[in-house]
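User: Could you take a close look at one of the chains here and walk me through how it is put together? Some context on its partner would be welcome too.

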Amino acid sequence: QWVMVVPESVTDLPKKPNSGPLFTRLCNPSTGQAALYLFSSDSRQLFELKAFHEEYRSWFIGQAVQQDGRLFFATPMDPLFLVLVYLIKSEKEHGKFQPLDQILVDEEFPSCSMLLQCTSTSRTIHHIVEEKEIGGKKFYKFSEEKTLKWLKKKVDQTVKVLKCHDVRVDARVQTATFISGKQFTDATEDDYIRYAHGLISEYINEDLSTALAKY
Amino acid sequence: MDLRAFEEDNAVSCLLDSAAPAACRTQPCCLGIDEAGRGPVLGPMVYGICYCPVARQGDLEAIKVADSKTLTEAQREQLFEKLDAAKDFVGWALHILSPNFISTSMQRRAKYNLNALSHDTAIGLIQHALDSGVQVAEVFVDTVGPAEKYQEKLKQQFPGLEVTVKPKADSLFPVVSAASICAKVARDRVVKNWKFVEALENVDSDYGSGYPNDPKTKEWLTQCLDPVFGFPQFVRFSWSTAQVILENKAVAVRWDDTEDDPSQKSAQSLLSYFARKDTPTRRPAHRFFYERKLETVTSL
Amino acid sequence: SLPCRVLHDGDAAVCKYFSPAI
């Protein structure tokens with residue numbers, strides 16, 4: 001058993017039978033290793049899974065005890081971060097325009113094809129690709145320039161949220177659970193951008209992170 | 001002796017007392033302190049005080065209070081009734097330290113050992129008598145530990161009082177014997193009427209003497225042990241008898257101060273911290289996540 | 001959520017030893 005905090009939409013009833021929420025392994029864009037993600041019913045939404053993990057924790061769940069004391073969170077994630085992994089791979093391999101369903105192929109992570117079903121994928125993919133239409137069919141190729149522009153918007157949005165939520169971003173080391181009465185006015189705009197860049201870098205590979213920092 | 005307050009919630013400690021007689025509030029009094037139930041692994045420890053005007057000590061002796069350990073339970077009950085009936089010149093107070101309180105105190109991170117607990121309880125009872133208006137002039141205390149140090153501690157706490165701490169004071173001073181009877185009677189009644197909040201099933205009601213070296217008591221402890229929760233709150237978890245059974249038969253539990261326990265540590269060479277790691281290091285997680293102890297999930 | 005690690009997965013008589021309290 002696991003204890004998980006998820007948005008309500010995760011537990012919406014599926015429109016089709018046998019297409020309820022699905023936990024699946026996909027390639028983490030930052031590490032290149034497998035990580036667990038969650039698709040909502042009908043695969044419309046993608047969620048990343050994080051665990052709050054303190055070493056000395058366990059659960060009582062009903063009339064049972066469970067060693068693993070992790071508390072899981074499923075939070076919405078932009079599927080384009082995962083689509084990017086395959087666009088960049090395709091660009092490195094041959095640099096050709098391809099249909100998305102041929103780009104999103106991975107023997108190790110076969111569920112990556114489900115990213116196509118996410119509502120936002122087709123709606124927003126133009127932010128990170130060059131597109132061509134031939135014979136009514138669309139073909140895509142990674143665009144670094146467009147991707148960096150898109151990522152910058154992500155960073156800017158993140159900066160706004162960090163400020164709004166009073167997240168501590170300055171260099172001083174302090175536990176996040178310590179709540180000071182003092183407003184964090186010491187942080188500069190640079191601090192916020194650096195912090196936001198760092199957060200976004202959790203969702204992209206190292207090369208792209210470096211390019212984004214330069215950008 | 002109305003023990004209902006303790007019986008209703010035997011997880012917490014409880015102080016109860018008689019009314020302070022008018023004579024005790026106007027005349028200098030002698031006050032005796034004794035305890036009951038220090039040794040057993042089961043049930044509460046009870047500290048008792050008994051006091052009367054110095055001039056009436058002879059009347060107290062006439063009640064024939066004697067060393068409570070030599071009396072039967074029934075005899076102690078009878079003597080207590082006589083003490084309680086002597087309301088015009090005898091007063092008493094009791095502090096019942098629940099086994100749960102003893103266990104948690106002794107196992108806190110800032111350890112509160114049994115001696116400190118005992119001394120503080122005794123000090124608290126003397127203060128209670130003073131706060132009730134009793135004109136305490138002399139204090140007599142029974143002790144198992146070093147008498148001089150304890151006497152000095154009490155004298156420092158109560159500089160205006162004449163304090164005498166002696167081993168076997170219960171057989172030397174009638175007022176200590178009386179306190180001993182009050183404490184013992186309270187403990188006997190509480191133990192007899194103990195309500196197990198855990199609703200134990202299939203457990204023998206005969207747990208022997210309650211002393212750690214009693215095989216019947218040890219057998220009972222093993223029988224009522226729950227592998228996850230340990231013992232009922234009737235048991236003093238901090239007693240080594242209980243701890244040994246937990247270590248052998250209960251599920252292991254680790255706390256974040258377990259690392260401070262030398263028996264849990266394995267010696268690690270300082271050089272090991274500088275050793276080259278075989279596995280390639282990946283980018284560390286952003287501080288947003290590690291400050292909040294949030295990790296990426298790779299498996300369930 | 002317990003502030004310790006119980007090295008066991010299985011049944012536990014939670015309702016016998018714990019009462020909810022606010």
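Analyst: Start with who touches whom inside chain B: if you take the contacts with a separation of 6 or more, 72% of them come from residues 24 or more positions apart. Bear in mind that this is a predicted model. The elements behind that chain B fold are 12 helices and eight strands.

As for overall shape, the C-alpha trace of chain B runs to about 85 × 50 × 30 Å along its principal axes. Its radius of gyration is 25 Å, whereas a compact globule of 300 residues would come in near 19 Å. Even so, 47% of the 300 residues in chain B count as buried.

Now the outside of chain B. You get about 15,600 Å² of accessible surface, with 51% of that belonging to carbon and sulfur atoms. On the charge side, chain B carries 35 positive and 40 negative charges, and the mean positions of the two sets sit 6 Å apart.

Then there's the partner. Chain A has six helices and nine strands, and its C-alpha atoms fill a box of roughly 60 × 50 × 25 Å along the principal axes. Of the 215 residues in chain A, 47% are buried. For the sequence-distance question in chain A, 59% of the contacts between residues at least 6 apart join residues at least 24 apart. Chain A exposes about 11,800 Å², and carbon and sulfur atoms supply 53% of that. Its 27 positive and 29 negative charges have mean positions 4 Å apart.

So much for each chain by itself; what about the place where they meet? The size of an interface is often given as the accessible area lost when the parts come together. For chain A and chain B that comes to about 2,800 Å², with 58% of it on carbon and sulfur atoms. On the chain A side, the residues that lose the most area to chain B are A:Lys50, A:Tyr56 and A:Tyr195, and together they account for 22% of what that side buries. In terms of residues taking part, chain A puts in 40 and chain B puts in 24.

If you want somewhere to begin in the viewer, go to A:Lys50, A:Tyr56 and A:Tyr195, the residues of chain A that give up the most area to chain B. From there you can look across to the 24 residues that chain B brings to the contact, and then back into chain B with its 12 helices and eight strands.

Methods: Residues are numbered from 1 along each chain as its sequence is written. Chains are lettered from A and ligands numbered from 1 in the order in which they are written. This is a predicted model: local features need pLDDT of at least 70, side-chain atom pairs count only at pLDDT 80 or more; totals for chains, interfaces and linings use all residues. Side-chain values use heavy atoms; hydrogens and water are left out. Helices (H or I, at least four residues) and strands (E, at least two) are DSSP runs, numbered from the N terminus. The radius of gyration is taken over C-alpha atoms; the globule rule is 2.2 Å times the number of residues to the power 0.38. Buried means under 20% relative accessible area, exposed over 50%, partly exposed in between (1.4 Å probe, protein chains only). Contact means heavy atoms within 4.5 Å. Accessible areas come from the Shrake-Rupley method with a 1.4 Å probe; for residues, only the protein chains shown count as cover. Lys and Arg count as positive and Asp and Glu as negative; His and the chain ends are not counted. The place of a charge is taken as NZ of Lys, CZ of Arg, CG of Asp or CD of Glu. Buried area is the accessible area (1.4 Å probe) that two parts lose on being put together, summed over both.
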